[in-house]
Amino acid sequence: MAAELVEAMNMVKSFRVSDLQTLLASMGRSKSGLKQDLVGRALRLVQTEYSPELLKNVRQLYETRFPKASGWLAARRPEGVPAVSYASLNTSPRGTTQGTDYLNGMPKLAAPPAAEVKPVPLPFYHNLETLLRPTELIAQNSEKLQDSQCVFELTQNQVDQIRNSSELRPGVKSVQVVLRICYTDSIGVQEDQYPPNIAVKVNQSYCHVPGYYPSNKPGVEPRRPCRPINITPWLHLSTATNRVTITWGNFGKRYSVAVYLVRVFTSAELFNQLKHCSVESAERCRERIQDKLRFDPESEIATTGLRVSLICPLVKMRLGVPCRALTCAHLQCFDAVFFLQMNEKKPTWTCPVCDKPAPFELLTIDGLLSEILKETEDVEEIEYLTDGSWRPIRDDKEKERERENNHTPDYPVVDICVPEANGHSPAHSSTSQSGKSAPGIQAAATGGAGSTASSGAVVDLTLDDSSDEEGGGGAGDSEDTEDSQDSPAPKRGRYDYDKDLVTAY
């Protein structure tokens with residue numbers, strides 16, 4: 001009775017959300033809530049209302065999910081329940097067991113590879129063979145630091161593949177044996193995720209594990225790039241047995257480990273694949289532009305054009321190979337070469353324009369923008385029109401640049417030195433902005449009438465109105481000069497001009 005109860009509880013702990021909802025609904029319980037709530041509700045149901053019918057339902061659900069894994073339930077026991085042994089991480093690529101496999105010095109009872117766990121495919125790593133299927137790391141005790149071991153062997157063919165492969169850089173082969181660690185979750189594909197306090201020892205030698213990225217933002221913890229761990233340099237490149245020991249922190253989360261023989265690609269090789277296999281034709285690009293600019297009668301705003309920059313948002317340089325993801329809604333592109341190089345160093349696979357996922361398998365080269373880049377050399381921006389055509393945004397840029405260089409205003413310039421139709425010039429034209437008098441005014445003020453010919457029309461503010469009316473302002477009329485000398489001098493105030501004379505500014 002107690003063994004069956006423990007077995008049923010172990011089964012319930014491995015259920016997915018849909019399995020838990022089915023179990024609870026069959027027993028008339030609520031099936032709403034998060035997974036942890038559903039697990040707790042199902043465990044209480046098994047403990048409080050244990051019956052043959054309930055055990056039958058639990059077994060049916062479990063066998064539906066794990067049709068061939070009924071023999072490893074003892075490995076998923078809770079603490080305090082005795083068991084003979086745990087499941088082993090050991091496997092053999094040849095499919096045969098040579099001798100006894102061990103995990104932490106204990107002989108294995110069964111080999112339960114977690115077949116449901118699927119690591120996410122990586123563009124820079126092409127799987128050639130699976131040396132160790134994804135298998136869960138099992139805690140042996142309540143200690144925070146745990147040690148788990150796995151052993152595998154290489155065939156002679158695999159050894160030859162590694163030795164005969166080219167070098168990515170000195171000492172690094174393109175065919176490698178890598179260790180991958182991820183969360184133990186059967187839903188979807190799992191990204192690489194290291195457990196806390198991880199350390200990997202291969203044949204009694206510690207291998208390098210990627211460190212943390214430094215963070216420049218205050219209050220933000222540094223992140224560790226979780227990627228496959230290359231263990232090739234520490235392996236026995238022969239048919240001898242290789243032993244890998246993984247030290248990891250047991251803080252409640254479940255992890256699985258796998259070993260693969262892979263072929264590592266460079267960014268240049270991925271670019272060649274992209275260039276030969278994923279190029280969107282210019283005609284298809286024009287159709288996409290027309291779809292975006294098609295008139296929508298329900299929209300109050302009509303879009304007549306879309307501007308696209310020819311500068312890469314990643315490196316702020318002119319685009320070389322325009323690229324974008326098929327799932328992106330924008331027409332703006334980024335440079336494919338720089339994008340692949342950046343993801344080779346720090347894999348994020350995020351679009352730099354909209355910050356949405358841009359995986360390698362969804363990247364495409366814009367054929368239309370590639371043709372535009374060949375036709376234009378000094379253009380930094382273009383505009384797509386409603387008919388699928390385009391025009392360079394060159395005139396506006398050049399006009400603005402010339403205006404900034406020449407400091408020329410947009411409004412017309414009026415020559416204030418040219419007399420108006422009534423023969424008079426504006427009074428403020430005789431004085432510059434610095435407050436200094438023009439040469440003509442200085443000559444007129446000193447009585448030199450002939451000096452005004454070289455300058456513009458000058459209004460002598462020191463003469464009286466009566467002198468202009470009587471003599472027309474001519475300096476060569478001697479009679480007017482004598483009359484003006486016989487007439488009494490006008491009265492002046494404290495300033496050196498007539499009180500009736502008003503200067504217009």
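**Exercise 1. Cysteines**

Find how many disulfides a search of the whole structure gives, and say whether Cys150 and Cys226 are buried or partly exposed.

Solution. The search of the whole structure returns zero disulfides, where a disulfide is a pair of cysteine sulfur atoms within 2.5 Å. Before going on, please note that this is a predicted model, in which local features need pLDDT of at least 70 and side-chain atom pairs count only at pLDDT 80 or more, while totals for chains, interfaces and linings use all residues. Residues are numbered from 1 along each chain as its sequence is written, and side-chain values use heavy atoms, with hydrogens and water left out. Next, take the accessible areas: buried means under 20% relative accessible area, exposed over 50%, and partly exposed in between (1.4 Å probe, protein chains only). Cys150 has a relative accessible area of 0%, so Cys150 is buried. Cys226, at 23%, is therefore partly exposed.

**Exercise 2. The overall count**

State how many helices and strands the protein has, and what share of its residues is buried.

Solution. Start with secondary structure: there are 13 helices and 21 strands, taken as DSSP runs (helices H or I, at least four residues; strands E, at least two) numbered from the N terminus. Then turn to burial: of the 505 residues, 35% are buried. Finally, consider contacts (heavy atoms within 4.5 Å). Among those between residues at least 6 apart in sequence, 67% join residues at least 24 apart.

**Exercise 3. The largest nonpolar core**

Identify the residues of the largest nonpolar core that touch the most other members.

Solution. A nonpolar core is a set of buried Ala, Val, Leu, Ile, Met, Phe, Trp, Tyr and Cys residues joined through side-chain atoms within 4.5 Å. The largest one holds 36 residues, and Leu363, Leu369, Ile382 and Tyr384 touch the most other members. Elements that each supply at least two residues include α7 (282-293), β19 (363-366), α9 (367-375) and β20 (381-385). Now zoom in on Leu363: beyond its neighbours within four places in sequence, its contacts include Leu274, Cys323, Phe339 and Trp349. A second, separate core has 28 residues, among them Val175, Leu179, Tyr194 and Val259.

**Exercise 4. A helix pair on a sheet**

Work out how α7 and α9 are oriented to each other, and which strands α7 touches.

Solution. First, the helix pair: α7 and α9 pack at about 105°, with axes 6 Å apart. Axes are lines fitted to C-alpha atoms, for helices over the stretch in contact, and angles run from 0 to 180 degrees between N-to-C directions. Angles of 65 to 115 degrees count as roughly perpendicular, under 35 as roughly parallel, over 145 as roughly antiparallel and the rest as oblique. The two helices, α7 and α9, are therefore roughly perpendicular. Ala282, Cys285, Arg286 and Ile289 of α7 meet Gly367, Leu368 and Glu371 of α9.

Second, the sheet: β16-β20-β21 is the order of an open three-stranded sheet with antiparallel pairing, where two strands pair if DSSP finds at least two bridges between them. β16 (305-309) and β21 (390-392) are the edge strands, each with a single partner, so one side of each lacks a neighbour in the sheet. The average twist from one strand to the next is 25°. Three bridges link β20 and β21, and Glu383 has Arg391 in β21 as its bridge partner.

Third, put the pieces together. α7 packs on this sheet, touching β16 and β20, and makes about 70° with β20. α9 lies across β20 and β21, at about 130° to β20.
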